[in-house]
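Student: I would like a close look at a single part of this model. Please take the cysteines and walk me through them, then move on to a helix.

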Amino acid sequence: MSERPGSQPTAGAAQRPPKRQTRPLALVNARLVDPAGNRDETGGVLVEDGVIRDLGPQVTRTGLPEGAEVIDCGGDVLCPGLIDMRVQLREPGEEHQETIETGSLAAAAGGVTSMVTLPNTDPIIDDVAGVEFIARRARETKRTKIYCYGALTRSLEGKDLVEMGLLSQSGALGFTDALHAVADAQVMRRALNYARSFGVLVIQHPEEPRLAAGGAMNNGELATRLGLPGIPACAEVMMIERDLHLVRMSGARYHAAHISTAASVEAIRKAKQEGLHVTCDTAPPYFSLNENEIGDYRTFAKLSPPLRGEPDRRAVAAAVAEGVIDCIASDHAPYDVESKRVPFAQAAAGIIGLETLLPISLGLYHNRSLSLGNLLKCLTSRPAEILGLPQGRLQRGAPADMTLIDLDRPHRIDVGAFHSKSKNSPYDGRPVQGVVRRTFVDGRQVFEAA
Amino acid sequence: MSEPARKPAAFFSHRHLLGIEGLSAEEITRLLDLSQSYAEQPKDDQRARSLLRGRTVMNLFFENSTRTRTSFELAAKRLGADVINMSVGTSSIKKGETLLDTAMTLNAMRPDVMIVRHPESGAVNLLSQKVDGAVINAGDGRHEHPTQALLDALTIRRRKGKLAGLLVAICGDVLHSRVARSNIHLLTKIGARVRVIAPTTLLPAQIDRMGVEVFTDMRKGLKDVDIVMMLRLQQERMQGAYVPSIREYFHFYGLDYDKLGAAKPDALIMHPGPMNRGVEIDSEVADDINRSVIREQVEMGVAVRMACLDALTRNLTGTNQ
């Protein structure tokens, strides 16, 4: 259904089936939820050599291959492992904030089995060596699958294009200037045109940069009261609408990241109706929090794009439920204490999200905004389709990337217990429902809840 | 006035004075009454002289200021406190020390009151969470400048005998002004009617939600007002085009006798200083001894700051011996 890139990524060594695993694994007595296959039934999954061999009600304790390891899921939800299409892991360059190692621990604990990192590291990932570095570190870490996007322009400067063809062949899953929008319409036009030649995905941080310049939070009454410079909500849709004209000219595949306003949702909806190759994601804060979270200058509530007003929050939640927003990504942005314990306008924008992605997203299911299948689709099969990955579905022959979830268990988010190196989360202490019990990558268990 | 066992929150229920927004009308009135008593007493009053004896008051200014810092310094000295002035803008910040490092270092010297000015909104709130003494916000970014609003209110009250029911126009660069925000909070809480008058580029978003009427035509906005509060055009905070030229700004938004004619005949003219003569206010108007109370504002500033220091130190534990 979605456009696939011309060539499948070849690096990303995490995709190689693990060689050492020989003992079959059977997960039985689970509620199998697979959005891609429209499956929601009680049954089991049989894994051999890192691949799903069989699944369904017929997979039980009886009739398993000899020597199979059996895990009784106790009726909990077994779904494809989550695919997080937007994270920052700070390696290389800022390893004091997060590393590929700690980031993959956080991912595994959050039920995320595949993630894609942004290129805004130091050095910036804008050449083949950078892409190969990430692939090698992911291979060495041996936990979750880690892919990367390449920069869209060299050094993220918004001027010269990177070697999209070569980077794509090396395994880059798409191209983006990370936290910057490409401001120059001519550069963006060429980038989209060139990307079209290789069928690669272009991802935009949609924000008109001059309109947002100097802004610290959403423009409005609260910004006025706090005396903080505001970013008008329309800065987002302005950039999306500009890009949509260029997408129409080029026919490229375009993905708008972290949609946060009602107007953006409408623009994307229209573009999809028109048949453009346009997709988008949002992050949990944009449907679970609004600008009031800032309260008395809480820098943990400073994000980019900023938290918006309540009508925008509601519109984003509705657009996820409706499917106008394709995916939910964590937009994981680790920052150390020093980056956040400063006056609000000086503070870094962003929050960690790998370990809150699932419980906060499940809030939409628990408050009956949408079905479990449709919610999990935003976290599994839909990002897989957009990224051109074979995982994200429970089916015979697919990689055995799976997450076991105790759907209803209530708990309070405890940031102190997070695996991420940074602790910048506004969700600490928030009551949520749903816990990751186990995470499997290629049939290997990479996380088990205590 | 120096019993150590005095109960906290007896007079003023806040540990810090960070803004007007968190105060009740009653608390504001109480502070104004106390300020009035300081305004009336001779400046060498001996009882006042001993009130803060043994207390340390630290002026911590991350932004250049002469008048506000001097006013606080004088107020603290008139109450007998030891005063230390720190201009941090020129020292440790340049060496890479963070705001909170600076705060905690100075806190270790155990000041009873820290008076803080900072160019970033919210910075004084942040600092107040990390220190043991009381903190007075002497202006943070565009956010609040509570003692300025109190001294403005005291000046008005002395001249007009009341605040409630008066019509006050706040004119000019509201967008960048912490004085405007604190004054809007104070005046609306106390029952005055407030108008803001400015070109739309100098008005923050949804300012009407703060309970003010908005005017872009100065003559219409000044009609029948009791008080004209002018704001300084903060050219140093302006990156980009807010007004096309000083000439055009003065033509439409500078206070001159012609525009002032729309206000009540006995309307008072105020300005928080420092003034840009010929930009937001005509020189003659500013110096008009019958209308302008700008110098009186400065005088009331000391009384108000004495009252704030008095009120906050009543909540501190420990003796002042």
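Tutor: Start with Cys280(A) in this predicted model. Its closest cysteine sulfur belongs to Cys327(A), and the two sulfurs are 7.9 Å apart. That is too far for a bond, because a disulfide needs the two sulfur atoms within 2.5 Å. Cys280(A) is also buried, because its relative accessibility is 1%, under the 20% cut-off. Over all chains the disulfide count is zero. Cys73(A) fits that count: it is in no disulfide, and the nearest cysteine sulfur, in Cys79(A), lies 11 Å away. Cys73(A) is buried too, with a relative accessibility of 0%.

Now stay in chain A and turn to Asn120(A). This residue sits in the loop between β7 (112-117) and α2 (128-141). Asn120(A) has 17% relative accessibility, so it counts as buried. Its side chain makes a polar contact of 2.9 Å with the side chain of Gln88(A). Leaving out residues up to four places away in sequence, Asn120(A) touches Gln88(A), Arg90(A), Leu156(A), Ala178(A) and Leu179(A).

Last comes the helix, α7 of chain B. Helix α7(B) covers residues 178-190, which is 13 residues. From first C-alpha to last it reaches 18 Å, close to the 18 Å expected. Eleven of the 13 residues are buried, so α7(B) is largely enclosed by the rest of the structure. Among them are Arg178(B), His185(B) and Ile190(B). At the start of α7(B), a side-chain oxygen of Ser177(B) comes within 3.2 Å of the backbone nitrogen of Val179(B). After the helix comes Gly191(B), with a positive phi near 100°.

Notes
Residues are numbered from 1 along each chain as its sequence is written. Chains are lettered from A and ligands numbered from 1 in the order in which they are written. This is a predicted model: local features need pLDDT of at least 70, side-chain atom pairs count only at pLDDT 80 or more; totals for chains, interfaces and linings use all residues. Side-chain values use heavy atoms; hydrogens and water are left out. Helices (H or I, at least four residues) and strands (E, at least two) are DSSP runs, numbered from the N terminus. Buried means under 20% relative accessible area, exposed over 50%, partly exposed in between (1.4 Å probe, protein chains only). A polar contact is a pair of N or O atoms within 3.5 Å; within protein, one must be able to donate a hydrogen and the other to accept it, and residues adjacent in sequence count only if both atoms are side-chain atoms. Contact means heavy atoms within 4.5 Å. The expected span of a helix is 1.5 Å times one less than its number of residues.
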